Amino acid sequence: MLNQLYLAMPNPDPNWARDCQTGNFHTRLWETLLLASFREQGLLVTQDYPSPDFHVTNKAGGDAWVEAVTVNPPERYDHAIAVAAPFPQDRRERVLGTVTERYARTLRNKLCKNYTEMTHVVGRPFAIAIADFYSPGSMMWSREALISYLYGFYVREVAEEGKIVAVAEALDKLPGDPNIRVGLFSSFENITLSAIIFSNAATLSKLSRVPVSFGGKSEDYRYVRVGEFADDTPGALRGIPFSMDVNSDEYRSLWKPYGYEPWTAEIEVFHNPNALHPINPSLFPEATHWLPTDGGIDCKRYFRHSILKSQTLIQPSYMPIPSVDSLMFKDTYESADTWDEN
């Protein structure tokens, strides 16, 4: 599958194949998933310039330049065999700690390259597409860290009139590094950044799930996806657990009208509320869009279900599908004795 996506590249970097065999594998994986998503949504994708990586356009949404980047690990690892690393047990550390600093530095380094001053980019919408490879499995819990850094808030659970609700706390700096200001979109110097494109599914598993869910034969094995759907209940911070056979009608029904898992299922576009050249949401019609509104951010989805975090298990077909009660994500939330009383 990766080879076919590479062959579909309009003009891949000369180092593309070599990078796939070395420590830059994850960077090229992210580029192929972006290409697959763009093409799936009907975009014309060109690579006529060395950078930014992609120019995308359609009749409904205009055009934009997209530069792909990854949050790289301190020590490179083999994506095929790496075991998920332990995640920070303290929620504030997960959301505002080391991985947030890595997001910040990665995005800052890209912004310093001044892509929007290039002749072919000036005056056009520009987005940075970022995926997290900070550590094996970190993309299962680091999504909220990116959101907090972009918009400048930390969301915590509080007890209010007998109910547990989410409350946003405004921030201006990261606690671990006061030199890093939080709220990338609030800075005037970043008004030429139109949006951040993100996915928490830039994985080898994604390359398998798409064809398997389409009806591809997995013979004596079963692909099982376990994780959490987003809960759109006002004030909800926790997801809704699920466990599904990827090659089942139940799973395929999640992705109407496709009838199989699409490449764009986990793609999210976080729009800069202060963008000088905003991206038209119609440019990426099947992505999840986080759009600025009066006093807040509104989420618009193409697919009914949005997956906050997940893991793909490959198991013998005779084994039962794990129950939601056995999922590994319940300990990523604050325990009842840490809730603040509001």
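**Exercise 1. In which loop is P234 found?**

Solution. The model examined throughout is predicted. P234 lies in the loop between β10 (221-229) and β11 (240-245). Its relative accessible area is 77%. Since exposed residues are those over 50%, P234 is classed as exposed. A further step concerns its spatial relation to A166: the two residues are 68 apart along the chain, and their C-alpha atoms are separated by 8.7 Å.

**Exercise 2. Describe the sheet that contains β10 and β11, and identify its edge strands.**

Solution. Begin with the strand order, which is β11-β10-β15 in an open sheet of 3 strands with antiparallel pairing. β11 and β15 each have a single partner strand, so they stand at the edges and one side of each lacks a neighbour in the sheet. On average, neighbouring strands of this sheet are turned by 15° against each other, direction ignored. Next, consider the pairing of β10 with β11, which is antiparallel and comprises 6 bridges. Within the two strands, V224 stands opposite D245 in β11.

**Exercise 3. Determine how β4 (126-132) is enclosed and which strands pair with it.**

Solution. First, count the buried residues: 7 of the 7 residues of β4 are buried. Second, assign them to faces. One side carries F126, I128, I130 and D132, the other A127, A129 and A131, and both faces are covered. Third, examine the pairing. β3 and β4 run parallel and are joined by 7 bridges, with V69 opposite I130 in β4. β4 also pairs with β9 in the parallel sense, over 4 bridges; here I128 stands opposite I196 in β9.

**Exercise 4. Characterise the largest nonpolar core and the surroundings of F284.**

Solution. The core has 38 residues, of which F38, F54, V56, I197 and F284 touch the most other members. Elements that each supply at least two residues include α1 (2-7), α3 (25-40), β2 (54-58), β4 and β9 (195-198). The greatest contribution, 8 residues, comes from α3. Turning to F284, and leaving aside neighbours within four places in sequence, its contacts are F38, Q41, L43, V56, V66, I197, V269, I279 and H289. A second, separate core of 36 residues includes Y103, Y115, W141 and W290.

**Exercise 5. Compare the expected and actual span of α3, and assess its burial.**

Solution. For the 16 residues of α3, a rise of 1.5 Å a residue gives an expected span of 22 Å. The end C-alpha atoms are 23 Å apart, which agrees with this expectation. As 15 of the 16 residues are buried, α3 is largely enclosed by the rest of the structure. Just after α3, G42 takes a positive phi of about 85°.

**Exercise 6. Which residues of α7 (204-213) are buried, and what covers them?**

Solution. The buried residues are K206, L207, R209, V210, V212 and S213. Their cover includes α1, α3, β10, α8 (249-252) and β15 (307-316). Just after α7, G215 adopts a positive phi of about 115°.

**Exercise 7. State how many disulfides the structure holds, and classify C112 and C299 by accessibility.**

Solution. The structure holds 0 disulfides. C112 has 61% relative accessibility and counts as exposed. C299, with a relative accessible area of 22%, is partly exposed.

Terms used. Residues are numbered from 1 along each chain as its sequence is written. This is a predicted model: local features need pLDDT of at least 70, side-chain atom pairs count only at pLDDT 80 or more; totals for chains, interfaces and linings use all residues. Side-chain values use heavy atoms; hydrogens and water are left out. A nonpolar core is a set of buried Ala, Val, Leu, Ile, Met, Phe, Trp, Tyr and Cys residues joined through side-chain atoms within 4.5 Å. Buried means under 20% relative accessible area, exposed over 50%, partly exposed in between (1.4 Å probe, protein chains only). Contact means heavy atoms within 4.5 Å. A disulfide is a pair of cysteine sulfur atoms within 2.5 Å. Two strands pair if DSSP finds at least two bridges between them. Axes are lines fitted to C-alpha atoms, for helices over the stretch in contact, and angles run from 0 to 180 degrees between N-to-C directions. The expected span of a helix is 1.5 Å times one less than its number of residues.
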